[in-house]
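Grab a viewer and work through these exercises at your own pace. Try each task before you read its solution.

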Amino acid sequence: MTDTPEPPRFTGWAERPARGAGTDRPGSPRRRRWRRWRRGHWVAFGTAGALLAGAGGLGWALYAELNGNIRIDSAIERELRKWESERPPGGPPNAENLLLIGSDSRQGGNRRYGSAAGRRADTTMLLHLAADRQSATAVSIPRDLMVRVPQCERSDGQQTEPQTAQFNWSFAFGGAACSIRTVEQMTAVRVDHYLLIDFVGFTKMVDAVDGVEVCLPRAVRDDAARLRLPAGRQTLNGEDALAYVRAREGLGDGSDTQRMERQQRFLGALVKKVQSNGVLLNPARLYPVLEAATSSLTTDPGLASLRGLYELVRSTRRIPTDRVQFLTVPRREYRYDPNRDELVQPDADRLFGQLRKDLPVTVEPGRDAGEEPSRGGSGSAGEVSRGTPEDTSPPSPSASPSASSGPTFPGTTAEHGICE
C-alpha cells in the first residue's frame with residue numbers, strides 16, 4: 001500500500017524566506033512579480049476598501065447607497081423574455097455586446113432641459129467588447145435610420161404592429177426593450193447588456209472627471225442647445241458638454257451625421273481622460289464617478305450592482321486607447337426620403353458579421369472628420385468601407401481578434417481624441 005502524499009501546506013507569511021535570502025531579495029524578479037500580482041489582484045477590493053470600508057459603518061452605507069442607485073426596469077426584462085425564442089444566440093465566450101441608450105427623458109431633474117413629447121432615444125450605440133479585452137468598438141445607430149421595427153408592447157399594454165420606421169421610433173413605441181429587439185433584428189448580434197442614461201447622468205459623469213477638453217476652430221453659438229463657446233482649446237463642464245454633443249446649429253453643417261461624429265470624439269476624449277488620470281485606481285476620484293453613473297442608470301440584472309458595473313469597467317481598463325474605436329453604421333440617404341438614412345449593403349452586414357463573431361474591425365478618420373461643412377454625401381458602398389468580404393469561418397482560438405486589422409470603416413479612436 002502506497003502512502004498518500006501529504007497535500008501542500010500553507011506556511012503563512014511568517015515562514016517566507018527572510019529578506020535578502022535566495023531569489024526573494026529586494027529588487028529580485030520574484031519580488032517584483034509578487035508586487036505586481038498583489039497590486040493587480042487587489043485593485044478592485046483595495047479601491048472599494050479605501051473608499052468604503054475605511055469609514056466603518058458609514059463606508060458600508062455609502063456602498064449600499066451606490067448599489068441602491070442602480071435601477072432595473074422589470075418591464076424591459078419581461079418583454080425580452082417573452083421574445084427569447086426570436087433573439088439571436090450568444091456570441092463567442094467572454095465577448096460582450098452592450099446597447100448604450102442616451103434618453104431624452106424630461107422627467108425628474110431632466111425637466112430643466114425643456115419639454116419634449118413622448119420618450120425618445122437621443123443617442124444609441126452598440127458597444128462590442130472583444131473576448132480578449134484588447135479592443136472595444138462602439139457603433140452609432142442614426143436616429144433617422146429606416147429599419148424594420150418588430151411588434152412591441154407600449155407602456156399602456158397595447159401592441160404595435162411590425163413596421164418600417166426610423167430607428168428612434170422603436171424607443172418611442174416600446175422603450176428600451178423595443179430598441180434592443182430592433183437592433184438584434186437588424187444586426188443578428190445578441191445584446192448581452194443594456195445601459196440607459198439620461199441628461200443629468202451625462203453631465204454628472206463629465207463633472208466627476210473635472211471636465212473634458214475640446215478644441216473649436218471658431219466660436220459657437222447654438223441658442224436651441226443653450227451653447228455659447230469661444231474658439232480654441234477649452235475644458236467643458238457637464239452642462240456645456242451636454243449642449244456640445246447635442247448641438248446642431250453653429251457646428252459643422254448642422255447634420256445628424258456630424259453630430260454623431262462629435263459625440264464619438266467626445267466619448268473618446270472622456271475615455272482617454274479616465275485612463276490617463278487613473279480615476280479607476282484613485283478612491284477620491286472614483287467615488288464621484290460611481291455616484292454619477294449609478295444615480296442615473298437603468299440596466300439589466302446582470303449589471304445592476306456596483307460590483308457588476310465595476311467588474312465590467314475593470315475588465316476594459318487595459319484596452320489601448322487606439323483600440324477604443326467609434327464608427328457609425330454604413331448608411332446613405334434613404335431612397336424614398338433624403339431626410340432619412342438606410343443601410344449600405346453589403347458593408348453593414350460585413351460590419352455586423354465581424355462583431356457577431358468577435359472578429360477584428362479597424363477604423364480610420366473619414367474625410368469629413370471635424371466640424372468643417374461636409375463636402376460630400378454619405379458616399380457609395382465602396383466609399384463607406386474597405387476590406388475583404390466577411391470571413392464566414394469561425395474565429396481561430398490561437399489568433400486574437402486584435403492581431404489583425406480586419407475590414408476598415410470611417411471612424412475615430414479614443415487616442416485621436418478631439419484636439420489631436
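Below are four exercises on this predicted model, each with a worked solution. Residues are numbered from 1 along each chain as its sequence is written, and side-chain values use heavy atoms, with hydrogens and water left out. Because this is a predicted model, local features need pLDDT of at least 70 and side-chain atom pairs count only at pLDDT 80 or more, while totals for chains, interfaces and linings use all residues.

**Exercise 1. Trace the open sheet of eight strands and find which strands stand at its edges.**

Step 1: get the vocabulary straight. Helices (H or I, at least four residues) and strands (E, at least two) are DSSP runs, numbered from the N terminus. Two strands pair if DSSP finds at least two bridges between them.

Step 2: read off the order. It goes 11-6-1-2-3-12-16-15, with mixed pairing. Strand 11 (297-299) and strand 15 (362-364) each have a single partner strand, so one side of each is left without a neighbour in the sheet. On average, neighbouring strands are turned by 35° against each other, direction ignored (axes are lines fitted to C-alpha atoms, for helices over the stretch in contact; angles run from 0 to 180 degrees between N-to-C directions).

Step 3: zoom in on one edge. Strand 15 runs parallel to strand 16 (residues 408-413), and three bridges join them. Here Thr362 sits opposite Thr408 in strand 16.

Step 4: add a helix. Helix 11 (residues 347-356) packs on the sheet, where it touches strand 2 (121-129), strand 3 (136-140), strand 12 (324-328) and strand 16. Touching means contact, that is, heavy atoms within 4.5 Å. The directions of helix 11 and strand 3 make an angle of about 145°.

**Exercise 2. Is Gln325 buried or exposed, and which polar partner does its side chain find in the side chain of another residue?**

Step 1: place Gln325, which is found in strand 12.

Step 2: check accessibility. Gln325 comes out at 2%, so it counts as buried (under 20% relative accessible area; exposed is over 50%, partly exposed in between, with a 1.4 Å probe and protein chains only).

Step 3: look for polar contacts (N or O atoms within 3.5 Å; within protein, one must be able to donate a hydrogen and the other to accept it, and residues adjacent in sequence count only if both atoms are side-chain atoms). The side chain of Gln325 makes one with the side chain of Thr137, at 3.0 Å. A polar atom of the Gln325 side chain also lies 3.0 Å from the backbone oxygen of Val361.

**Exercise 3. How many residues of helix 6 (residues 199-208) are buried?**

Step 1: count. Seven of the 10 are buried, so helix 6 is largely enclosed by the rest of the structure. Among them are Phe199, Phe202 and Val206.

Step 2: inspect the ends. At the start, a side-chain oxygen of Asp198 reaches to within 3.3 Å of the backbone nitrogen of Val200. After helix 6 comes Asp210, with a positive phi near 65°.

**Exercise 4. Where do you find the cis peptide bond at Pro346, and which residues other than glycine have positive phi?**

Step 1: go to the loop between strand 14 (337-343) and helix 11, the place of Pro346. The bond from Gln345 to Pro346 is cis, with omega near 10°.

Step 2: pick up the phi values. Asn94, in the loop between helix 4 (74-82) and strand 1 (96-103), has phi of about 80°. Ala188, in the loop between helix 5 (169-187) and strand 6 (193-197), has phi near 60°. Ala188 is partly exposed, with a relative accessible area of 33%.
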